[in-house]
Amino acid sequence: MTASPHTFSPPFANYALESGCYDEMFTDNASPREHYRALHDRLLDLTQEELGYRQQAADLSFLHQGITFTVYGHEEGTEKIFPYDLLPRIITSVEWSTIEKGLQQRINALNLFLHDIYHGGKIISDRVVPYDLIYSSKHFRREMRNVDVPRNIYVSVCGTDLIRMADGRFAVLEDNLRVPSGVSYMLANRQVMKRVFPHMFANYGVRPIDYYGQALLNTLRHLAPPHNPNPTIVLLTPGVYNSAYFEHTFLARLMGLELVEGRDLLVHNHVVYMRTTAGLRRVDVIYRRIDDDFIDPLAFRGDSMLGVPGLFNAYRAGNVALANAIGTGVADDKAVYYYVPKIIKYYLNEDPILPNIDTYLCMDDTHRKYVIANLDKLVVKAVGESGGYGMLIGPHSTQEERNNFRDAINANPRNYIAQPTIQLSRAPCFVEGQIESRHVDLRPYILSGDNVTIVPGGLTRVALRRGSLVVNSSQGGGSKDTWVLYE
Amino acid sequence: MLSRVADSLYWLSRYLERAEHTARMLDVHLNLGLDQSQGMSVRENRERLMMSMWQTAAGSNNVLDDDYRLTDYLTFDTNNPKSIVMVIAAARENARQVREQISSEMWMQINRLYLDMKCATMPEIWEHQPHEFFRMVREGSHLFQGITDATMNRDEGWQFIQLGRYIERAASIARLLDVNFNALLIDNEAGGTYLQRIGLLKSVTSFEAYCKVYHADMQPNWIVEFLLFNADFPHTIRFCIKQVCQALEDIAVKSGRGTNNRLQRVAGRLQSSLSFDLVDDVLSGDLHRYLFDIQHQCDLIHMALYETYITYTIEASA
C-alpha cells in the first residue's frame, strides 16, 4: 500500500487515498464521485470553524438526549456517547438495489435453514452442511428440536454487516441473527443530521428511514396469534445496565410498547403475564433483547437474574411468541457463515447476490495448516463471539498474541475461523478539525415479517482511530448517517 | 401501567422533593446563621436541622462543628445517602429506569440537574454564593415539575409522580414541626425568636403565604395551625394529603382496582382528621404525638400503596 501522490485542498489537506482500498468519496484520480460531488463542494465552502461548530452542536444534542452506551469493565463513567461523525456516507440507488435484493435472499434462506435444522435437518442428511458443525455450535439449542415457531419465522430482526471491497462491490462480513443492536443510532444520527445540515439534506434526495418503528411493529404483530386482533406486545430488556439500554427505551417509545424487565413478567400455567398496576395482563409477543442463555433460568442458565422462569415452556406451548426465536445463533456462527452461499443455493436454487468473504475453517485440517502458517496476514475470529471481542488482526498483532492464538486454535479448532485482512472501504470523516479518511462498514437492518423490509441504509460504523479496522463501539468505533439516494 | 414503572416514578418524584427540601432547609439555615447573635446555640440549630431530615451525625462527628462541614455533608458527601448529590443521582437513576415512560423533556431536565450537580464542588459554592447554588437546585426541581405538568399525559404515571411528591412533603413538614416546635416557644431575645419562626416558615416556602393569612405576627400556635390545616397552600400537610387522596382516587379508577380497599381507607382517614380536627385540641393535647402520628400514617399509606399496586401476590390480582 502506498500513499497516493494526489494532493487535496483544505479542509481535505490531510486526506489520503490508499491503493487496494475503495474510497467512498473519491475515484482513484482524486476527483469526487458523482453522488458525492455536491457534498464535496459544500465542504470546500465551509470553514473549519463552521464544521467544528456543527460537530459540537451534534455532540451536545447526543449528550443532552442521553444517547449513550455502556462500556463494560469500567467503574467510572460507564455511560459514553457513541461518537458521531458529521459527514454522511452516501450510497446510490443502484448500489442499494443490489444490497436489498441480496439481503432479502439471504434472510429467506437463513430462515428456511433454521427451520430445517430444528426439524429433521434435510440439509444435513443431504450432506450440504456437515452435521458435527451444527451440533457442536454453542448456539445450537437442542430444546428447540421439533418446536414450531409462529409462521416459521426464526429471525424477525437481523443486522447484517457489509463491507465494501477494493473493487467497489459489497460483501457480507457477518450476520447477526440473535439480538442485533444499533438501529437506534441509525435513527438518531438521521435526526441530528437533519438539524445540523438541513439545506444540504433537503436538496440531496435522501430516502427516508423514519418508518422503521412502524415496520418493526408490523413485523412483531405478524407473530401474534391470528385470532387475537389486538395482541399485547412487549420489549424485554436486561435492564439499565445493559450496553444497549438506550436503544431499548428508544424502540419501546417509538412503537408505543411496554418496556419490561424479567422481573415484570411471570409465568402461570404456561401463560406469560406482566405485572401492572391494574393487575396481571397476558403477553402475546415478546421482542426480547436478552440472549438465549439468560432468558429463562429454568431452561438455560440457572444463575440468570435477568430472565423469566418458565418462559421457555410457555413458548414451547405456543402461548407466547418470541422475536427472535430461540436458537437462531447457530446460523450466525462464524463457521456456519462459510456455508451460507451453499445454504442459499440449496433452499432457493439461486446464486448468492452478495458474496461472502473468503473464510478458512480451522476445523478443516488443510485450512488450519494454512491459517497457522499465515497468522500474520489473517484475521482470526472466535466463532461464537460478537462485538469485536475474541479477535486477532494479524498484521497489527504482536508475536506473543499470534502464539496465543496458535495455541488456542490447536486446542479447539472448531472455535476459530480466519479471513484475509480486508481493507474496509474508507470514507471522509471530520476528525480533529480536519477531514480525513477512515475505514467504514455498513449494517443494514432487515425485518422479516409478512414480507422482508429493509429501511434504506443502515448504520455506517467508523473506525475512528487512524488506520484501525475495528468499527465496534466497544473498541473505539463511531458512526455516521447513511444516505441512500433516490434514482 | 407496569408496577415497576409506577414504583420508579413514585420514587423519582419523592427523591426530587427530598433534594429540594434539603436545599431549602440548608439555604435558610445558612442565611439565619448570618444574623444570629452569640447567645444562640448554633450547634443546637445544626442538630435540629439534621434531625428535621431524619439524619444523624453519627459516624461523622465533626459535621456539627461548623457550617462548612455541615453543608458539605448534606450536599456533596457521597457516603451520605441523603446528601443532595446522592438523592438527585437516585432520582435520575429512577428516571433512567423509565425513560420511555416520561417525556424526553423531563428526562433532559433531570439529566441536566444531575450533570450540574456533578460539576459543582464545595469550595466553589462556598467561595461564591451558596445561596445561588441552592436556588439552582430548587429551581431545577421546580422546572422539572413544570415540565412534567406541561409535557406528560395525565395518566397513572403522572398520578404516581404526584403521590411521591406529596407524601414526601407531608411527612417532611410533620417532621420539621415536630423537631422544631419547642425551639419556637423559647423567647430569649426579641430578634432571635422572630428569626427562628420565620426560618421555619421559609424552610417550607410558607412565609409569604402565612403573612397573607396572619400578617407578620409570628405566633407558634398559628404557625402550627397554618402548616397543619390550611387548605389552600401547597406546602401544608392538609393540602398535601388532599392531593394524595385525589391521586389515589384517580389511580383507582384508571387501573380499575376500585376504591374499596385498605389504601383508600388509610389515606381517607388521615385526610378527614386533617380536615376536621380542631387546632385547640391538638395544641392542648400532645402535639408531638399528633405530629408523630401523621408521619406514621404517611408510612401506612406508602405500605398500602405497595400492597395494592406494586408488590401484590398472584392470588390478590385475580
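# Strands, helices and contacts in a predicted model

User: Which residue in β5(A) stands opposite A:Arg164?

Analyst: This is a predicted model, by the way. A:Arg164 belongs to strand β4 (residues 157-164) of chain A, which pairs with β5(A) in the antiparallel sense over 6 bridges. Opposite A:Arg164, in β5(A), you'll find A:Phe170.

User: And the sheet those strands sit in: which are its edge strands?

Analyst: Four strands make up an open sheet here, in the order β5-β4-β19-β20 (chain A), with antiparallel pairing. An edge strand pairs on one side only, and in this sheet that goes for β5 (170-176) and β20 (452-454) of chain A.

User: By how many degrees are neighbouring strands of this sheet turned against each other on average, direction ignored?

Analyst: We're still on the open antiparallel sheet β5-β4-β19-β20 of chain A. With direction ignored, the average turn between its neighbouring strands is 30 degrees.

User: Which helix of chain A lies across β4, β5, β19 and β20?

Analyst: Look for a helix running at about 140 degrees to β20(A). It spans residues 93-117 of chain A, and the name is α3.

User: Over to β8 of chain A: which residues make up its covered face?

Analyst: Strand β8 (residues 265-268) of chain A has two faces. The uncovered one carries A:Leu266 and A:His268. That leaves the covered face with A:Leu265 and A:Val267.

User: Which residue in the hairpin of β8(A) and β9(A) takes a positive phi?

Analyst: β8(A) and β9(A) run antiparallel and are joined by 4 bridges, with A:Val267 standing opposite A:Val272 in β9(A). The hairpin has 2 residues between the strands. The positive phi, near 50 degrees, belongs to A:Asn269.

User: Is A:Ile343 buried or exposed?

Analyst: A:Ile343 is found in helix α13 (residues 340-348) of chain A. Beyond its neighbours within four places in sequence, A:Ile343 is in contact with A:Ala109, A:Phe113 and A:Val129. The cut-off for the label is 20 or more other C-beta atoms within 10 Å. Because A:Ile343 has 22 C-beta neighbours inside 10 Å, it counts as buried.

User: What separates the C-alpha atoms of A:Ile343 and A:Lys122?

Analyst: Along the chain, A:Ile343 and A:Lys122 are 221 residues apart. In space, their C-alpha atoms are separated by 11 Å.

User: What distance separates the centres of domain 1 and domain 2 of chain A?

Analyst: The assignment gives domain 1 as 95-158 + 207-348 and domain 2 as 360-420. Each of the two puts 7 residues into their contact, and the domain 1 side is made of 2 nonpolar, 2 polar and 3 charged residues. Taken over C-alpha atoms, the centres lie apart by 30 Å.

User: How many nonpolar, polar and charged residues are on the side of chain A that touches chain B?

Analyst: In this contact, 21 residues of chain A meet 21 residues of chain B. Elements of chain A that each supply at least two residues include α2 (48-65), α9 (245-255) and β9 (271-276). By class, the chain A side has 7 nonpolar, 8 polar and 6 charged.

User: Which helix of chain B gives the most to the largest nonpolar core?

Analyst: That core has 220 residues, and B:Ala170, B:Ile237 and B:Val244 touch the most other members. B:Ala170, for its part, touches B:Ile237, B:Cys240, B:Ile241 and B:Cys298, leaving out residues up to four places away in sequence. With 14 residues, the top contributor is the helix at residues 3-35 of chain B, α1.

Technical notes: Residues are numbered from 1 along each chain as its sequence is written. Chains are lettered from A and ligands numbered from 1 in the order in which they are written. This is a predicted model: local features need pLDDT of at least 70, side-chain atom pairs count only at pLDDT 80 or more; totals for chains, interfaces and linings use all residues. Domain bounds come from an automatic or database domain assignment. Ala, Val, Leu, Ile, Met, Phe, Trp, Tyr, Cys and Pro count as nonpolar, Asp, Glu, Lys and Arg as charged, and the others, Gly among them, as polar. Two strands pair if DSSP finds at least two bridges between them. Axes are lines fitted to C-alpha atoms, for helices over the stretch in contact, and angles run from 0 to 180 degrees between N-to-C directions. A residue is buried if 20 or more other C-beta atoms lie within 10 Å of its own, exposed if 12 or fewer, and partly exposed in between; C-beta atoms are placed from the backbone. A nonpolar core is a set of buried Ala, Val, Leu, Ile, Met, Phe, Trp, Tyr and Cys residues joined through C-beta atoms within 7 Å.
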